[in-house]
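Please look over the sequence and the 3D structure shown below. The report that follows takes the chains in turn, then the cores, the helix packing, the strands and the loops.

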Amino acid sequence: MDRQNDEFEAFLKQFQLRTPGPLPKEGTAQSPRPRRRPLQWILAAAAVVAVVLLSSALVRMFEGTRGPYAKVEVAGTNSLYKTGQTIPVGEVVRSNDAEGVVLALEDGSHIEMRSQSALALESAADGIRVRLNNGSIIVSAAKQQTGHLYVQTKNVLVSVVGTVFFVNAESTGTSVAVVEGEVHVQDGASLKKLHPGEQTASDTSVPLRPVREAISWSRNALAYAALLPPPPSVAAQIQTGPGLVPFSQDPASLIRDGEKLAAAGRYHEAADLFQKALSLNRLSSIASFRLGEVRYQLGDFNNALQSFRDSLIGDLDPKWIEVWAHINIGKIYDIREQRDRAIPEYQRAISTGDDFHMAQGVAKGFLAAPFRQAQGVPSPSPPEPQPNANPDSPGKKIFYRACTTCHSAEPAAKTNFSTKAEYAALVNREINKGTEISTAEVPVLVDYLWENFGKVPRDIPVQRDAPIQRK
Amino acid sequence: MRLYQQHSRGLLAHACSIVNSFASAEDALHQVFERLLRGDIEITDSPVSYLYRAVRNASLNQIRSHSREVDLAGMEDRWLDSPAGMEQTGLELQSAMHGLPEGQREVILLHIWGQMSFEECAAALGISPNTAASRYRYGLSKLREQFQTTARSRYGSAK
């Protein structure tokens, strides 16, 4: 294997495969290790989600009824259940098949179970209780007049008063959100009422995701998403009417709403919408550009720079984005007093010939005199030099010139690699990303990184001319 | 569950090479072991190669059954944990991985992130160790080139 592949392999090993969780408890004799849930837990299959539509007719039907509570409406080919099979009270239903199971209640209500879910239907004093052991379910029910439908998890008891909600429980706790109507969440002694778009968690370690994401696994995800109200911050600005495209499915309206929020100075909310738009259309130059603008306003220059660059490799619609992205990139370099990098950006802006909103004059102005940042916009604080760094070392100069352009020195300080080769790979990777480091500068920079951030016993003098360690 | 403890990592890597989604990969893995524990299936030949075949089939089922799902958030389901500040690179790496031919991708995932030797990869995938090693070598070169091209196209145009 050649050296480049060796280095690339070292680079790949910096990334770690996420740890699989233990087997679901129903099946395991012992649990291998505690489960770690990442932020994107909601897409993980073992979470428990329930959306419930309930009617009094449903509750009445179950009051005093000893008959079957549900029938299997849809079952996967490898399911334990067959279509039409009845599910009596107390029987645990497990949707171990990858396709999940849909249960039909006698009044036309449905419980959609995701794979790896388990529940049992029980009688409650004033209605029916769905005991959710694990997994994800969505329940759609008809309207009710009296009584309740409950969803019981190990953490909370959720009672349906109104129409649509979901419960999401995992090993660390349970979260509940409402799609439509009202639900009551009993968590120990506390009782919370939730309304559409609201959600709560039994534990702070349970991350909350937007409701649309939580229900995205459902067969009816789009329909449920359409039921959800838009975020309150923009609800007033979104026109409703027949044929309204679900909120999260229309990048153009997300961008328009984001622009309104940005104009109102609500940059964080605007950034969320632009990111959402980008998640729907990664090549949207205007979404990237607008995201860059709000990040710039928030003083987040690293990410703003990246967003402006992203806007240049998107669909370039509208065309003026090109000239203004270069100008804004130049401004950020000027703020960082990296004049040598700012000038080419202004030159690129001028070379486009686009004078939209007097871009040419602005670019020429900043080419003649550096852009000065307005008061009040925070600038990123420069990293503290390492104690053993020679203040005038050539390596340090290269490091601060080349490596802190797009990010702070912190990522480098955290590397703590145990071989110089890993630093060589790191530098190689940065060059591939476009960082301007000449061939002659590479060994100097690698030495600097290794001496200052590498995991090396400090009482052993480091040989500057030591050969790069091979794996 | 000795088998689970011993092989879950490699099996998860194998599933990730097919489904490109941690959640689905974990689902597939758990499905196989649940069926095993329930006694629905019996392993008659080599348990390791059986497990890899079963996880592969379960992963393909996951792809089929989840194809109708709508990714409302446009979220990418990470199966790699990235070092601090390299989350975007991690996502690009995942994406580049899934541009590789399946055979090469499998071996890279098992060898690097499943921490398996070429002999172990070969046994799991039912190929010879030499084939595993050469797929790894070719795959790694291709991945490096592809990753660098992506990086250049992403960052190069602003230069």
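In what order do the elements of chain B run from the N terminus on? The order is α-α-α-β-α-α-α-α. That comes to seven helices and one strand. The model is a predicted one.

## Chains

Chain B has 159 residues, and buried residues make up 45% of them. Among contacts in chain B with a separation of 6 or more, 67% link residues 24 or more positions apart.

Chain A has 471 residues, of which 45% count as buried. Its secondary structure holds 16 helices and 17 strands. Here, residues 24 or more positions apart supply 55% of the contacts with a separation of 6 or more.

## Nonpolar cores

The largest nonpolar core contains 64 residues. The residues with the most contacts inside this core are B:Ala15, B:Cys16, B:Ala25, B:Leu29, B:Val32, B:Val55 and B:Cys121.

Take B:Ala25 from that list. Which residues does B:Ala25 contact, leaving aside its neighbours within four places in sequence? They are B:Leu12, B:Ala15, B:Cys16, B:Val19, B:Ser59 and B:Trp79. Two of these partners, B:Ala15 and B:Cys16, also appear among the residues with the most contacts inside the core.

Another core lies apart from this one and has 38 residues. Its members include A:Val93, A:Ile138, A:Tyr150 and A:Val160.

## Helix H16 of chain A and its packing

H16(A) covers residues 441-453, 13 residues in total. From first C-alpha to last, this helix reaches 18 Å, close to the 18 Å expected at 1.5 Å a residue.

Is H16(A) mostly covered or mostly open? It is mostly covered, with ten of its 13 residues buried. The buried set is A:Glu441, A:Leu445, A:Val446, A:Asp447, A:Tyr448, A:Leu449, A:Trp450, A:Glu451, A:Asn452 and A:Phe453. Charged side chains are on that list too, including A:Glu441 and A:Asp447.

Helix H13 of chain A, residues 394-403, packs on H16(A). The axes are 8 Å apart and the angle is about 95 degrees. H13(A) is therefore roughly perpendicular to H16(A). From H13(A), the meeting residues are A:Pro394, A:Gly395, A:Lys396, A:Ile398 and A:Phe399. From H16(A), they are A:Glu441, A:Val444, A:Leu445, A:Asp447 and A:Tyr448. Of these, A:Glu441, A:Leu445, A:Asp447 and A:Tyr448 are buried.

## Strand pairing in chain A

The table lists four antiparallel strand pairs.

| Strand pair | Bridges | Residues opposite each other |
|---|---|---|
| E5(A), residues 92-95, and E8(A), residues 117-124 | four bridges | A:Val93 and A:Leu119 |
| E8(A), residues 117-124, and E9(A), residues 127-134 | seven bridges | A:Ala124 and A:Gly127 |
| E12(A), residues 157-160, and E15(A), residues 183-187 | four bridges | A:Leu157 and A:Gln186 |
| E15(A), residues 183-187, and E16(A), residues 190-194 | five bridges | A:His184 and A:Lys193 |

E8(A) takes part in two of these pairs, with E5(A) and with E9(A). E15(A) likewise pairs with E12(A) and with E16(A). A:Val93 of the E5(A) pairing is also one of the residues of the 38-residue core. In a regular strand, side chains alternate between the two faces of the sheet.

## Loops and local geometry

A:Asp317 and A:Pro318 are joined by a cis peptide bond, with omega about 0 degrees. A:Pro318 sits in the loop between helix H9 (301-312) and helix H10 (321-335) of chain A.

Which residue in the loop between H10 and helix H11 (339-352) of chain A deserves a look? A:Glu337 is there. Its phi is positive, about 60 degrees, although it is not a glycine. A:Glu337 counts as exposed because 10 other C-beta atoms lie within 10 Å.

B:Gln115 also has a positive phi without being a glycine, about 55 degrees. Its place is the loop between helix H5 (102-113) and helix H6 (118-125) of chain B. B:Gln115 has 13 C-beta neighbours inside 10 Å, so it counts as partly exposed.

A:Lys260 lies in helix H6 (residues 251-263) of chain A. It counts as partly exposed because it has 18 C-beta neighbours inside 10 Å. A:Lys260 and A:Ala270 are ten residues apart in sequence. Their C-alpha atoms are 7.9 Å apart in space.

Definitions and conventions. Residues numbered from 1 in each chain as written. Chains lettered and ligands numbered in written order. Predicted model: local features only at pLDDT ≥ 70, side-chain atom pairs only at ≥ 80, totals over all residues. Core = buried A, V, L, I, M, F, W, Y, C linked by C-beta atoms within 7 Å. Buried ≥ 20, exposed ≤ 12 C-beta atoms within 10 Å, placed from the backbone. Contact = placed C-beta atoms within 7 Å. Helix = DSSP H or I, 4+ residues; strand = E, 2+ residues; numbered from the N terminus. Expected span 1.5 Å × (residues − 1). Pairing = 2+ DSSP bridges. Axes fitted to C-alpha atoms, helices over the stretch in contact; angles between N-to-C directions. Parallel < 35°, antiparallel > 145°, perpendicular 65-115°, else oblique.
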